Amino acid sequence: MNYGFNKYNFSIHIQIVIVTASLLLLFAKRRMGLRGKLVAHLEVKCGGELFHDHFNTKPHHIPNISDKINHFGVHEGELGSVGTIIEWRFKYDGGERVAKQVVDHIDKEKKRISFKFVGGDFVDLYKEFKTTLDVEENWISWTFEYEKQNEDVPEPITLLGIAIDVMKDIDSHHHNK
């Protein structure tokens, strides 16, 4: 029986498969390192519920508490609701940057809030960027999950540092009252 292969075109087919597999492997290697996850845990003096409340229903107070945040605004929706689109303006690398986010998930029982970046200065750098605030007693955790547009995009360590500084400012503000 002849299945349309002879020793010559079978050899070509094998070579094409090997070249295709090599290209896929090269593509996979290039994609490695584009996805990342940064996590910061911070012990606070004030109860963690206060932080959940700040980011869920009172984020507009944060610019008055932390000098790292210049402005907060609601573009669409209501505070405390999934789907609300918010905007932060903050100091970053010597200038002001904008982050527009959608409230992706709120779990009042677990005191967890997730945001996805949907506009602003960071969407050109990251294909996906999700931040999650978790609260457990006197521990605050920020988790940044992201996919960079390319290998030249830096890890968002500076942005995580700003989030940590804001947590410290909120803690200090309420603890010193």
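Me: What does "buried" mean for a residue, and what share of the protein chain counts as buried?
Reply: A residue is buried when its relative accessible area is under 20%, exposed when that area is over 50%, and partly exposed in between. This is a predicted model. Of its 177 residues, 37% count as buried. The accessible surface of the protein chain comes to about 10,900 Å², and 52% of that surface belongs to carbon and sulfur atoms.

Me: Which helices and strands should I look for, and in what order do they run along the protein chain?
Reply: The protein chain has four helices and seven strands. Read from the N terminus, the order is α-β-α-α-β-β-β-β-β-β-α.

Me: How are the seven strands arranged in the sheet?
Reply: Order in a sheet is read across the strands. Here the sheet is open, its pairing is antiparallel, and the order is β1-β7-β6-β5-β4-β3-β2. The strands at the edges are β1 (35–43) and β2; each has a single partner strand, so one side of each lacks a neighbour in the sheet. On average, neighbouring strands are turned by 25 degrees against each other, with direction ignored.

Me: Where do the side chains of a strand point?
Reply: In a regular strand they alternate between the two faces of the sheet. To follow the pairing in this model, take β4. Strand β3 (residues 85–92) pairs with β4 in the antiparallel sense over eight bridges, and the bridge partner of Arg-89 in β4 is Val-98. On β4 and β5, the antiparallel pairing also runs over eight bridges. Between these two, Val-103 has Phe-115 of β5 as its bridge partner, and Ile-106 stands opposite Ile-113 in β5.

Me: How many residues lie between the strands in the hairpin of β3 and β4?
Reply: That hairpin has two residues between the strands, and Asp-93 takes a positive phi near 50 degrees. The hairpin of β4 and β5 has four residues between the strands. In its turn, Lys-111 has a positive phi of about 55 degrees.

Me: Why can side chains of opposite charge pair?
Reply: They can pair when their charged atoms come close. The cut-off used here is a side-chain nitrogen of Lys or Arg within 4 Å of a carboxyl oxygen of Asp or Glu. By this rule there are twelve salt bridges. One of them involves Lys-111, the turn residue, whose side chain meets that of Glu-49 at 3.7 Å, N to O. This pair links distant parts of the chain: Glu-49 is in helix α2 (residues 48–57), Lys-111 is in the loop between β4 (95–107) and β5 (112–120), and they are 62 residues apart. Glu-49 is exposed, at a relative accessible area of 53%, whereas Lys-111 is partly exposed at 22%.

Me: Which residue forms a salt bridge with Lys-68?
Reply: Asp-169 does, with the closest N and O atoms 3.4 Å apart. Asp-169 belongs to helix α4 (residues 157–175), while Lys-68 lies in the loop between α3 (62–65) and β2 (69–76), and the two are 101 residues apart. Lys-68 is partly exposed, with a relative accessible area of 22%. Another pair is Lys-58 and Asp-53, whose side chains meet at 3.2 Å, N to O. Lys-58 has a relative accessible area of 35% and is partly exposed; Asp-53, at 28%, is partly exposed too. Salt bridges can also be linked in a network, as they are for Arg-35, Lys-127, Glu-128 and Glu-147.

Me: Where does helix α2 lie against the sheet?
Reply: Helix α2 lies across β3, β4, β5, β6 (126–136) and β7 (139–148), and runs at about 140 degrees to β6.

Me: Which residues touch the most other members of the largest nonpolar core?
Reply: In soluble globular proteins, nonpolar side chains tend to be buried together. The largest nonpolar core in this model has 38 residues, and Phe-55, Phe-90, Trp-142, Phe-144 and Met-167 touch the most other members. Helix α4 gives the most to this core, with seven residues. Leaving aside neighbours within four places in sequence, the contacts of Phe-144 include Leu-38, Phe-129, Pro-156, Leu-159 and Ala-163.

Me: What share of contacts joins residues at least 24 apart?
Reply: Among contacts in the protein chain between residues at least 6 apart in sequence, the share is 48%.

Key: Residues are numbered from 1 along each chain as its sequence is written. This is a predicted model: local features need pLDDT of at least 70, side-chain atom pairs count only at pLDDT 80 or more; totals for chains, interfaces and linings use all residues. Side-chain values use heavy atoms; hydrogens and water are left out. Buried means under 20% relative accessible area, exposed over 50%, partly exposed in between (1.4 Å probe, protein chains only). Contact means heavy atoms within 4.5 Å. Accessible areas come from the Shrake-Rupley method with a 1.4 Å probe; for residues, only the protein chains shown count as cover. Two strands pair if DSSP finds at least two bridges between them. Axes are lines fitted to C-alpha atoms, for helices over the stretch in contact, and angles run from 0 to 180 degrees between N-to-C directions. A nonpolar core is a set of buried Ala, Val, Leu, Ile, Met, Phe, Trp, Tyr and Cys residues joined through side-chain atoms within 4.5 Å.
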